[in-house]
Amino acid sequence: MSLKSPANAKINLFLHITGRRANGYHELDSLAVFASTADTLELTLAEGVGGRAALSIEGPFGAGLQADEGNLVLRAAAVLRDKAKKADLSDLSIRLMKNLPVASGIGGGSADAAAALRMISQAWGLDCLNLEALGETLGADVPVCVAGRPRRMQGIGEILSDVPPLPRCFMVLVNPGVPVATPAVFKAWRASEAPFTPAAELSPRWDTFDAMISDLERTHNDLQAPAIALCPVIGDVLAVLRSRTGCALARMSGSGATCFGLFEREADALAASAALLAKGWWSDAGLWSTGGAAGSSAAHELGATER
Ligand code: C5P
């Protein structure tokens, strides 16, 4: 048996820090969307001889990762092994094609872990598991990556609400090649003594690209300023993105350093991405996933905060 799945990059259109928990984690309000750019996982189920899963890592950013027990793909496999009460992982052979820059604010490791949860549970016939709840034990961004569709994220990232389908939009991703450690950026935010920000107030739905942009302009990413202080090239990336024809909004995702630009016209997005690549930065462009039928229920509003 062989399965293949993309693990799409997760982008935070905004990220407000609304509070802090006793365990040090920060309470957030964010809208996560998924880019067309993705890692790829292939899973083969075979007779094993006992012991560990085989994990091989390839692709342009593969060299930055170890295929050891700390790898989120193998940690996801171990969570399912425990849940299924299996003796070992030796029937799993996993190939990860790492196309996304690591430690870059686009949830690459989380998306890989979520894809591993989906594929291994399917291969082992574990139908009734709540993969989002299991994903929470692996990282705050893993739950939203399980379904991989646009969702509002609250709590520390584990409280997810569906949103109405988003307008068509081309997203340009840019990463300057400098890894940024998430805990360091949260620490710098705390050191700046910036106040907590209220949850974003959004219109019930966005029927047009312009309606979405005007709402998003009233939101921000609280981690952007501290990330720029730690890694000033992020400011340069944003300045170049903003200068491009057709770029309606440019912002950093997550704790950085990857930034995104939103474009209504594909030609403008492709031209911007080519110009950013010419600067020696990593970049990719494509149509984002709008959410489709899964998010189309009239009961879901952008401003809703479900628990
Ligand atoms: O959960 P994850 O491993 O992605 O988080 C990495 C680090 O980011 C945490 O150890 C914590 O320092 C910080 N973090 C946080 N609040 C969140 C998510 C992450 O403080 N909601």
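Q: How do you know which residues surround the ligand in this predicted model?
A: A residue counts as near when one of its heavy atoms lies within 4 Å of the molecule. In this predicted model, the residues that surround the ligand are Gly 24, Tyr 25, His 26, Leu 28, Gly 139, Ala 140, Ile 156, Thr 182, Pro 183 and Phe 186.

Q: What makes up the shell around the ligand, by class?
A: Six of its residues are nonpolar, four are polar and none is charged. Gly is put with the polar residues and Tyr with the nonpolar ones, so that is how Gly 24 and Tyr 25, both around the ligand, are sorted here.

Q: What makes the pair between His 26 and the ligand a polar contact?
A: The cut-off for a pair of N or O atoms is 3.5 Å. A polar side-chain atom of His 26 lies 2.7 Å from an oxygen atom of the ligand, so the pair qualifies.

Q: Which backbone atoms can be set against that cut-off too?
A: A backbone N or O atom of Ala 140 lies 2.9 Å from an oxygen atom of the ligand. For Ile 156, a polar backbone atom is 3.2 Å from a nitrogen atom of the ligand. Both distances are within 3.5 Å, so both pairs are polar contacts. As for cover, the ligand taken alone exposes 450 Å², and the protein buries 73% of that.

Q: Why is the ligand said to sit in the largest pocket?
A: A molecule sits in a pocket if more than half of its atoms lie within 2 Å of the pocket's grid points. The ligand is placed in the largest pocket, so it passes that test. Two elements, S2 and H5, each give two or more residues to the shell around the ligand. H5 gives the largest share, three residues.

Q: What makes up the lining of this pocket?
A: There are 46 lining residues, with Ser 110, Ala 140, Asp 141, Thr 182 and Ser 255 nearest the centre. H5 gives the largest share here, five residues. By class, the lining has 20 nonpolar, 17 polar and nine charged residues. The space in the pocket comes to about 990 Å³.

Q: Why are Lys 85 and the bond from Gly 256 to Ala 257 worth a look?
A: Most residues other than glycine have a negative phi, and most peptide bonds are trans. Lys 85, in the loop between H1 and strand S4, has a positive phi of about 55°. The bond from Gly 256 to Ala 257 is cis, with omega near 5°, and Ala 257 lies in the loop between strands S8 and S9.

Key:
Residues are numbered from 1 along each chain as its sequence is written. This is a predicted model: local features need pLDDT of at least 70, side-chain atom pairs count only at pLDDT 80 or more; totals for chains, interfaces and linings use all residues. Side-chain values use heavy atoms; hydrogens and water are left out. On a 1 Å grid over the protein atoms alone, a cavity is a set of points where a 1.4 Å probe fits but cannot get out, and a pocket is an open set with protein on both sides within 12 Å along at least five of seven lines; lining residues have an atom within 4 Å of a point. Grid points are joined across faces, edges and corners, and a volume is the space filled by probe spheres set on the points. Helices (H or I, at least four residues) and strands (E, at least two) are DSSP runs, numbered from the N terminus. A polar contact is a pair of N or O atoms within 3.5 Å; within protein, one must be able to donate a hydrogen and the other to accept it, and residues adjacent in sequence count only if both atoms are side-chain atoms. Accessible areas come from the Shrake-Rupley method with a 1.4 Å probe; for residues, only the protein chains shown count as cover.
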